[in-house]
Each structure stands twice: as structure tokens, then as C-alpha cells.
Amino acid sequence: MTTPNSTPAPTHRPAFPAYPVHRPEECDDRFSPDLIADVGWVIQQHGFPAVDDLRDCAALGMHLYRFLYGER
């Protein structure tokens, strides 16, 4: 928290974005149905509808994959 006479600390910005990350040759165990479910839960906690339908889960997974690993 800043006081009236203090200045906020500068924020560090990387020289390049962190995403997309390198796509491994083998299966990446971090990208799992649990990851998709966790992201869906966070979205729901922010007031959006639950991601319960399989089509919504598949779409969310596809968009997460594209964000994390980039387009093919």
C-alpha cells in the first residue's frame, strides 16, 4: 500500500511475452482435464456461467491450448 508521500514501486515488464511456451514433443502432463476444470471454476467464480457442458469444456480446452502453445 502506498502512502500520500510515497511513489509506487516500478513494475517489471519482460522484454517479450511469456506465451506461447515451447510445445514439447511428448505429451505435456500439465495440460490436463484438471487444468481445464480449474480454469472453468475460476471463470465461474468471476460471475460467468459454469463450464459444465462437454462442448464448452472442449472449446475452453482448445482456446487454452492455443494460448499456451500457439497456433500450429
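This report covers the overall make-up of a predicted model, then one arginine and the salt bridges.

**Overall make-up**

The protein chain has 72 residues, and 15% of them count as buried. Its secondary structure consists of two helices and zero strands. The accessible surface comes to about 6,600 Å², and carbon and sulfur atoms account for 60% of that area. When contacts between residues at least 6 apart in sequence are taken, 74% of them join residues at least 24 apart.

**Helix α1**

One of the helices is α1, which covers residues 33–45. With 13 residues at 1.5 Å a residue, α1 should span 18 Å, and its end C-alpha atoms are indeed 18 Å apart, so the two values agree. Gly47 follows α1 and has a positive phi, near 95°.

**Arg23**

Arg23 sits in the segment before α1. Is Arg23 buried or exposed? Its relative accessibility is 18%, and because the cut-off for buried is under 20%, Arg23 counts as buried. The side chain of Arg23 has polar contacts with backbone oxygens. A polar atom of this side chain lies 3.2 Å from the backbone oxygen of Tyr69. The side chain of Arg23 also reaches the backbone oxygen of Gly70, at 3.4 Å. The segment before α1 thus holds a buried arginine whose side chain meets the backbone at Tyr69 and at Gly70.

**Salt bridges**

Side chains of opposite charge can pair when their charged atoms come close. The count of salt bridges in the model comes to two. They are set out below.

| Acidic residue | Basic residue | N to O distance |
|---|---|---|
| Asp28 | Arg30 | 2.8 Å |
| Asp53 | Arg55 | 2.9 Å |

How is the accessibility of Asp28 and of Arg30 classed? Asp28 has a relative accessible area of 12% and is therefore buried, whereas Arg30, at 61%, counts as exposed. The salt bridge between their side chains accordingly links a buried residue with an exposed one.

For the pair of Asp53 and Arg55, the classes are these. Asp53 has a relative accessibility of 29% and counts as partly exposed. Arg55 has a relative accessible area of 65%, which means that Arg55 is exposed. The salt bridge of Asp53 with Arg55 thus joins a partly exposed aspartate to an exposed arginine.

Terms used. Residues numbered from 1 in each chain as written. Predicted model: local features only at pLDDT ≥ 70, side-chain atom pairs only at ≥ 80, totals over all residues. Heavy atoms only, no water. Helix = DSSP H or I, 4+ residues; strand = E, 2+ residues; numbered from the N terminus. Buried < 20%, exposed > 50% of the residue type's maximum accessible area, 1.4 Å probe, protein only. Polar contact = N/O pair within 3.5 Å; in protein donor to acceptor, adjacent residues only side chain to side chain. Expected span 1.5 Å × (residues − 1). Contact = heavy atoms within 4.5 Å. Areas by Shrake-Rupley, 256 points an atom, 1.4 Å probe, with all protein chains shown as cover. Salt bridge = Lys/Arg side-chain N within 4 Å of Asp/Glu carboxyl O.
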